[in-house]
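This report looks at the overall build of one protein chain, moving from burial and surface to the nonpolar cores.

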Amino acid sequence: MSVYLNGEFLPRAEAKVSVFDRGFVLGDGVYELVPVYSGKPFRLDAHLHRLQLSLDGIRLANPLGIAEWRERILQLIALQDFADQSVYIQVTRGTPVEGQPLRDHAFPQGAPPTVFMFAQPLVTATPGQKAAGVCAISAVDNRWLRCNIKGISLLANLLLRQLAVDVGCVETVMLRDGFLTEGAASNIFVVKDGVLRVPPPSNLMLTGITYDVVLELAARHGIPHEVRPIAEAEVRSADELWMTSSTKEIMAIVKLDGVPVGAGVPGPFAMRMDALYQAFKQDVMRL
Ligand code: PDD
């Protein structure tokens, strides 16, 4: 398996970065995760745009232009011997050069960013898992106020997600000041009385690429939807609750905090949206 590190494609065991890399010592970097279907990256431009926003958010100059990113990502994909992939991209503020402090909160002078990418087989939910749905718990969103940056310092998300894993669930639905923000690693949609509802993009959540696709599909297929703040009571009285992400796609949450959501099984809107999403993927891959 080849990985990409700072301009080179290398066997995974040969890819090495300094222990003084600011990603390792300070969590000073950003990332992206791009799903690849049949060797074709899904919504690559949107992922690269979001990467740019994250880099801008941490005041790190993008080390590569769009065309260079595209070329390297396509090369990495071509080097793998599996067709469906999840490509992980990470850019850190690099390793301080000689004469600079080894660890300093202040940005180092002259340190080239570290660019690292690898691909793994993409594991999406099976039809059986989709038909069963998953359980989730809720928790207070205690992350920082810049959740729109896809930063590698994921401690708060990890701790929140683990709360769900500890009780045999797959996601933590987060609430801040009485309003829905997102999942620990996904966006959360509510369906009530035939209307799809989702919080608007803000600094309190990451705007998922899947989130955007779902809203586009809803608009295209005439599914009523509202993008507005969602109160906790609306989450708790939802007919359907979904989590969406590049790896989970559209996954129904059938139990929240031990209480069945709606009928306690994946609802008709989740099933319809998943079918639309799968068809959309197929169309895009044919291009
Ligand atoms: N995470 N919100 C958070 C906090 C996330 O971590 C993710 C995805 C999303 C959904 O984004 P998208 O639809 O672009 O995948 C929302 C990825 C999958 C991860 O960290 O592995």
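A residue is called buried here when its relative accessible area is under 20%. In this predicted model, buried residues make up 48% of the 287 residues in the protein chain. The surface that the protein chain exposes comes to about 13600 Å², with carbon and sulfur atoms supplying 58% of that area.

The protein chain contains eight helices and 15 strands. Its radius of gyration is 20 Å, close to the 19 Å given by the globule rule for 287 residues, so the protein chain is as compact as a globular protein of that length. Along the principal axes, the C-alpha atoms fill a box of roughly 60 × 45 × 30 Å. When contacts between residues at least 6 apart in sequence are considered, 71% of them join residues at least 24 apart.

Turning to the interior, the largest nonpolar core has 25 residues, of which Phe-189, Leu-196, Trp-242 and Met-273 touch the most other members. The elements that give two or more residues to this core are listed below.

| Element | Residues |
|---|---|
| β10 | 187–192 |
| β11 | 195–198 |
| α6 | 209–220 |
| β14 | 249–256 |
| α8 | 268–286 |

A second core, separate from the largest one, consists of 22 residues, including Leu-44, Ile-77, Val-91 and Ala-119.

As for charge, the protein chain carries 27 positive and 30 negative side chains, and the centres of these two sets lie 1 Å apart.

Technical notes:
Residues are numbered from 1 along each chain as its sequence is written. This is a predicted model: local features need pLDDT of at least 70, side-chain atom pairs count only at pLDDT 80 or more; totals for chains, interfaces and linings use all residues. Side-chain values use heavy atoms; hydrogens and water are left out. A nonpolar core is a set of buried Ala, Val, Leu, Ile, Met, Phe, Trp, Tyr and Cys residues joined through side-chain atoms within 4.5 Å. Buried means under 20% relative accessible area, exposed over 50%, partly exposed in between (1.4 Å probe, protein chains only). Helices (H or I, at least four residues) and strands (E, at least two) are DSSP runs, numbered from the N terminus. The radius of gyration is taken over C-alpha atoms; the globule rule is 2.2 Å times the number of residues to the power 0.38. Contact means heavy atoms within 4.5 Å. Accessible areas come from the Shrake-Rupley method with a 1.4 Å probe; for residues, only the protein chains shown count as cover. Lys and Arg count as positive and Asp and Glu as negative; His and the chain ends are not counted. The place of a charge is taken as NZ of Lys, CZ of Arg, CG of Asp or CD of Glu.
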